[in-house]
Amino acid sequence: MSLYTLLLLVGGFIFIAALVGFSSGLLGIGGGIIMVPVFQFVFPLLHTPLKDSIIMASATSLCIAMFSSTRAMLSHHRNKNIHWHMLTFLVPSLLIGAQIGSSLAIFATPLALHIIFIVVFSYLSFNLWFGTGKPLLKNTPPNWVNIFIGLLVGCIASILGIGGGVLAVPIFTYLNYSIHKAIGNASVIVFSVASSSTIGYFLHSLHTNPTTPPYTLGYVFLLAVVVFIPVTIVFVPIGIRIGQKTSQKNLRKYFSIFLGLLVLYKLTIIFF
């Protein structure tokens with residue numbers, strides 16, 4: 001890798017990392033939803049086979065989300081926006097779902113991953129925008145519902161290479177949590193999925209012997225990790241402060257627009 005290529009990568013990564021950190025704090029996402037498309041574009045340019053590039057993009061984004069979500073989780077805890085009792089039932093099933101998802105992702109085709117992404121996020125975006133905002137339940141969900149949500153979110157998030165916050169926030173709003181508490185709870189989910197999936201991808205790499213560029217450990221591109229972590233940690237609290245001052249209605253709209261733009265991006269990949 002030439003010095004020019006290295007400097008170009010680092011500069012681009014710093015810009016994306018700032019966006020990821022801000023979005024993580026504002027919307028409760030891990031940032032994988034932003035990082036994965038960027039990495040899927042970059043890694044083939046580093047002479048990585050397409051299949052390995054897709055898996056590397058997921059593994060690298062999850063490793064970064066593991067660190068950025070830690071900062072967000074601590075801040076939301078201080079703001080009393082995390083329902084820890086509910087998460088004691090949800091997180092264990094989430095970790096199991098993440099391991100299942102990382103195993104399935106190894107065998108999934110790129111088209112299948114795109115279709116799963118489009119279907120899931122089109123539904124969530126539509127409901128956040130046109131929904132009334134009224135919860136499906138009058139009270140917080142029973143424990144068996146939390147366990148089911150954990151399995152579902154963990155599996156889908158790990159397959160798509162995201163932390164799961166972008167899935168969890170809409171689901172929590174349907175289940176009688178305010179948007180601010182939904183975002184706080186999602187930061188814990190992001191950390192749980194990201195840490196579990198990172199370990200899973202590393203273990204898989206020991207058996208698959210992937211073709212990867214320099215500065216890579218397993219499926220994780222260490223150069224990106226080193227650049228992203230400090231930048232995201234700086235920008236996470238900025239997003240949180242703005243989110244705390246934003247109304248629930250507006251946050252739902254912002255989240256819906258964000259998901260809709262991601263769906264449009266995936267559609268352009270398939271058809272153009």
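Buried, as the word is used in these legends, means a relative accessible area under 20%.

**View 1. Residue S53 in helix α3 of the predicted model.** At 1% relative accessibility, S53 falls under the 20% cut-off and therefore counts as buried. Leaving aside residues up to four places away in sequence, the residues that S53 touches are F43, P44 and T48. T48 also takes part in a polar pairing with this serine, since its backbone oxygen lies 3.1 Å from a polar atom of the S53 side chain. Although S53 and Y219 are 166 residues apart along the chain, their C-alpha atoms are separated by 8.7 Å.

**View 2. Helix α6, residues 143-160.** This helix has 18 residues, and the distance from its first C-alpha to its last is 26 Å, close to the 26 Å expected at 1.5 Å a residue. Its buried residues are V145, N146, I149, G150, V153, G154, C155, I156, A157, S158, I159 and L160. The helices against which the buried residues of α6 pack are α2 (32-45), α3 (50-78), α4 (84-105), α5 (110-130), α7 (165-174) and α8 (179-208); one of these, α3, is the helix in which S53 lies.

**View 3. Cysteines C63 and C155.** C63 has a relative accessible area of 9% and is therefore buried, given the cut-off of 20%. C155, which is among the buried residues of α6, has a relative accessibility of 17% and so counts as buried by that cut-off as well. A disulfide is a covalent bond between the sulfur atoms of two cysteines. When a pair of cysteine sulfur atoms is required to lie within 2.5 Å, the count of disulfides in the model comes to 0.

**View 4. The whole chain, as the setting for the close-ups, with 10 helices and 2 strands.** From the N terminus on, the order of the elements is α-α-α-α-α-α-α-α-β-β-α-α. The C-alpha trace spans about 55 × 35 × 35 Å along its principal axes. The radius of gyration of the chain is 18 Å, which agrees with the value near 19 Å for a compact globule of 272 residues. Of the 272 residues in the chain, 56% are buried. Among contacts with a separation of 6 or more, 83% are between residues 24 or more positions apart. The chain exposes about 12,200 Å², of which carbon and sulfur atoms supply 74%.

Key: Residues numbered from 1 in each chain as written. Predicted model: local features only at pLDDT ≥ 70, side-chain atom pairs only at ≥ 80, totals over all residues. Heavy atoms only, no water. Helix = DSSP H or I, 4+ residues; strand = E, 2+ residues; numbered from the N terminus. Expected span 1.5 Å × (residues − 1). Buried < 20%, exposed > 50% of the residue type's maximum accessible area, 1.4 Å probe, protein only. Contact = heavy atoms within 4.5 Å. Polar contact = N/O pair within 3.5 Å; in protein donor to acceptor, adjacent residues only side chain to side chain. Rg over C-alpha atoms; globule rule 2.2 N^0.38 Å. Areas by Shrake-Rupley, 256 points an atom, 1.4 Å probe, with all protein chains shown as cover.
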